[in-house]
Every structure is written in structure tokens, then in C-alpha cells.
Amino acid sequence: MEEFIEDSPTSAVMLDHCHFAQVIFNSVEKFYVPGGDITCYYTLTQHFIPRRKDWIGIFRVGWKTTREYYTFMWVTLPVDLNSESPKQQEVKFKAYYLPKDDEYYQFCYVDQDGGVRGASIPFQFRPESEEDILVVTTQEEVEEIDQRNKELCKENQELKDSCVNLQKQNSDIQLELQKMQEELETLKSINKKLEQKVKEQKDSWETELLQLKEQNQKISSENEKMGIRVDQLQVQLSSQEKEMEKLIQRDKDKTEKLEHLKKENDQLFFSLTDQRKHQKKLEQTVNEMKQKESAATRKQQELMDQNFDLSKRLSENEFICKTLQTENEKMEEVNEFLKRENSRLLSYMGLDSMPYQVPALAQGGVPRNPGLVYGNPYCGIQESSSPSLASITKCPSCNMKFTDDLDTEDHALAQHVQALCLDCPVCDRSFPVDQKQIFEDHVFCHSLF
């Protein structure tokens, strides 16, 4: 009785696709006692790599395909698959699923593709008998038994060889029979398909024949209509031919005009080419002018920065000049006041009729008035105010010193400063003499705009 499990193998590989030497079964008994579990020991060689869906089945001797198993068990994968040493494995079959008859069976290792990778020696399921009990015999009997055993082994080997040959012949015949059955099935399916196609073709031909008859009737009626239509078309054709002649003449006129326009187009193309060349030259000139303009702009910015610095310095100088002028005006007012006070004192002392003499400087640098016995009481005031009246002014360009006690000195300072400056003829901007290059660049910038 075969074992029916939901996840059972479904392969059906023939004997000629088997490789029995890749898995070796060990410690296989000649017979197993029914009613007990049995353990199958096997070794995986280094030429075989097990997979998850491999299984070991118990087959009755003489099986042809792997579907003829009695029962089977899934194998357990080894822990180290990369090891090159042989891998000793085992699988246990429960007693409930084992055969109950005394036929010969064998273990077979089947991979997940259905190929047999190893087979054990045959064994039986039967209880122990008296023949299996050990019997003590004499040496002569043992020798006779050994001789008999050798003869039996030789006969057994011959029978095995004969069995192998018969199995091979049987497998070849089975294979050939299977091929012939497959070919027969193929021919039957082809024949069936051809019959179906012939039937379909016949039906289609009948349908097409009916359609052709209907089309023939339609075509006959249409031919009559087409005869009338042809007469009408001939009349239209004659009129269209006349129109065609007119169109041909117009086409000739248009062709001549087109040739004329092509010539004009060629001339315009040459003219356009010249204009493009001239435009490229102009663009190149404009680029050069833009480069010059950008350089001039940078230069102008530098000049404007310098002008700003000079304007700042000029403003400072103007502020200093105004301050000095204010102090000069104050000193002139003080001088006028002192002159009036001196005249008043002279008139008070009765000396206003005496001629005025310029006081001479003494050895100590103090002016003395010989008309006064005790000296001029305001002499100290005049001496203390003299440094302010004769204050010293420096040129902002060359640091030359000028005194501001007289108007002539102020005029000389102005002429000196003007002589050391370069005035722009366009915007009246002034530049120092040592900045002549900046002055020339400034004037050149005016010529660019």
C-alpha cells in the first residue's frame, strides 16, 4: 500500500537518467522484522550536493519509474554543505508505513528533479526463522558450506548480471515504447488539429461562397449603375481635360515666374551674405568698443574716486581758509580798535600834533616809543596780538609757508595754489600738478561721451 501525503513527489524519471553512485547506503540488513521502525543510513559523496526537496523512498525491486515508490521520507540537509568529506546521514521510517509482505525492496535516494542518485541492496520484511539461527558445525561442513556459498555467490552474480542486462534491455524497450507512445500521441493531436482545421476551413469556404454569391449580385446591380456613371464621367472628363490644359498653361506661367523669383532669391541671398559679413564686422567693432568702454568706465571710476579724495581735501582746505579769513577779519577789527584807542590816548596826552614815528625794536625785540617817558601802556596788547595777525599758512600741495597778515600774501597763496593745479576745460575740475596722467585720462573720458 502506497503512502498518500499532500506534499508527495510527482517525478517520473526513467532508469537511464539515474546516477546510483552519488549516494551510498550503509548497514542495510538482509531483512527487517515487521512491526518496528527502521533507520536508513546513507553517505553523500563529494560529487553530490543535496537540496531541500530530495527524498528517500522504499521501492519494490523491479521498479521502472520513481513514481512506483511504496513510501518515502524527506531528507534532512547536512549542517555543513561546503565540507569536502563524506556526509553520513540517516532517516527513520515509521512501522505503520512499511510493507507487510515478504517481497524484496530497496532504498533509493531521489533528488528534487526526479533523478535517482543512489540505491541500496535488496532486503525483505519478514520475521526471524529457524534458518537464521546460528548452527554449530564441523570444519568440513564449514568448508563445504563455504564452497557452496562461493558457488551460490557466483551463480548469484551471474543472475545479477543477467538481471542488469535484462533491466537494461527492458529500460531500452520501455524508453522506445514511451517514445513511440509520445509520437503516437503527437500524431493523434496533430490529426485532431488537422481535422478541426479542415472542418473550420470547410465552414469558412461555405460562408465565403454565400458571401461571394451575394457580392456577385451586388456587383451586377452596381455594374449597371456604373455604366450610367461612366457616361457621366466621360462628359466630366472631357470638361476636365479642357480645364487641365488651362491649368497646364497656368503652371508654365507660374514656373517661369518661379525661375525669375529663384534668380532674385539668389541675388538676395548673396546680398544677405555680404550683409551678414558686414554685420559680423560691426559686431566685432561693437565688442571692441564695449571692451574699451568698460576699460574707460573702470578708469573713470578710478578718476572719480581720486576726484572725490581731492574734493574732500579741497573742502578741508576751503574750511581752513575760511577759518583763517575769519580770524584775519577779527584781527583787523582789533587792529582798528587799537589804532583808534592809540589816537584817543595821544589826543588825551596832547601828543596828537607830534609826528607819528614807527617804533624801533630794542635788543629784546620790544618796540619803544621815544615820545613816551614810561612807554606805551598798550604795547603789551599789540605784542600779544601780533602773532595772530601774522599767522602762518601752508600750501596744501607743496607745504610752502605763507603769512596771512596782509591781503597781498593771501593773493600770493591763491596764485601759488592755482599755478600748482590743472583745471579741466569741460567741468572746471582741478587736479594737482603731480597727477597729470589722471588729469589727461579725465579729459579723455569726456571725449568718449
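Start by selecting Arg60 and Asp101: in this predicted model, their side chains meet in a salt bridge, with N and O 3.3 Å apart. Now color the chain around them. Arg60 sits in strand β4, while Asp101 is in the loop between β6 (87–93) and β7, so this pair ties together parts that are 41 residues apart in sequence. Turn on the surface and check how open each partner is. Arg60 is partly exposed, at 42% relative accessible area. Asp101 is partly exposed too, with a value of 27%.

Why would two such side chains pair up at all? Side chains of opposite charge can do so when their charged atoms come close.

Next stop: pick Asp113 and Arg51. Here's another salt bridge, 2.7 Å from N to O. Follow the chain from one partner to the other and you'll see that the pair links distant parts, 62 residues apart. Asp113 is in the loop between β7 (104–110) and β8 (116–119), and Arg51 is in the loop between β3 (38–44) and β4 (55–60). Is Asp113 buried or exposed? Its relative accessibility is 51%, and the cut-off for exposed is over 50%, so Asp113 counts as exposed. Arg51, at 31%, is partly exposed.

Now move over to helix α1, which covers residues 139–349. Select Arg148 and Glu151. These two form a salt bridge whose closest N and O atoms are 3.5 Å apart. Both residues lie in helix α1, three residues apart, which is about one turn of the helix. Look at the surface again: Arg148 is partly exposed at 45%, and Glu151 is partly exposed at 35%. How many salt bridges does the model have by this rule? The count comes to six, so there are others to hunt for, given that a pair needs its side-chain nitrogen within 4 Å of a carboxyl oxygen.

Stay with helix α1 and select Glu140, which lies in it. Glu140 is exposed, with a relative accessible area of 61%. Add Glu141, Glu143, Glu144 and Asp146 to your selection: together with Glu140, they form a negative surface patch. Try coloring by charge to bring this patch out.

For the last stop, jump to residues 421–446. The UniProt record, an unreviewed entry, lists this stretch as "domain: UBZ1-type". Show it as a cartoon and you'll find that the span is 42% helix and 23% strand. Then pick the C-alpha atoms at its two ends: they lie 19 Å apart.

Note on methods
Residues are numbered from 1 along each chain as its sequence is written. This is a predicted model: local features need pLDDT of at least 70, side-chain atom pairs count only at pLDDT 80 or more; totals for chains, interfaces and linings use all residues. Side-chain values use heavy atoms; hydrogens and water are left out. UniProt positions are given in the numbering used here, feature names are shortened, and annotations may be inferred rather than shown by experiment. Helices (H or I, at least four residues) and strands (E, at least two) are DSSP runs, numbered from the N terminus. Patches are made of residues with over 30% relative accessible area and no salt bridge: like charges are joined within 9 Å, nonpolar side chains (Val, Leu, Ile, Met, Phe, Trp, Tyr) within 5 Å. Accessible areas come from the Shrake-Rupley method with a 1.4 Å probe; for residues, only the protein chains shown count as cover. Lys and Arg count as positive and Asp and Glu as negative; His and the chain ends are not counted. The place of a charge is taken as NZ of Lys, CZ of Arg, CG of Asp or CD of Glu. Buried means under 20% relative accessible area, exposed over 50%, partly exposed in between (1.4 Å probe, protein chains only).
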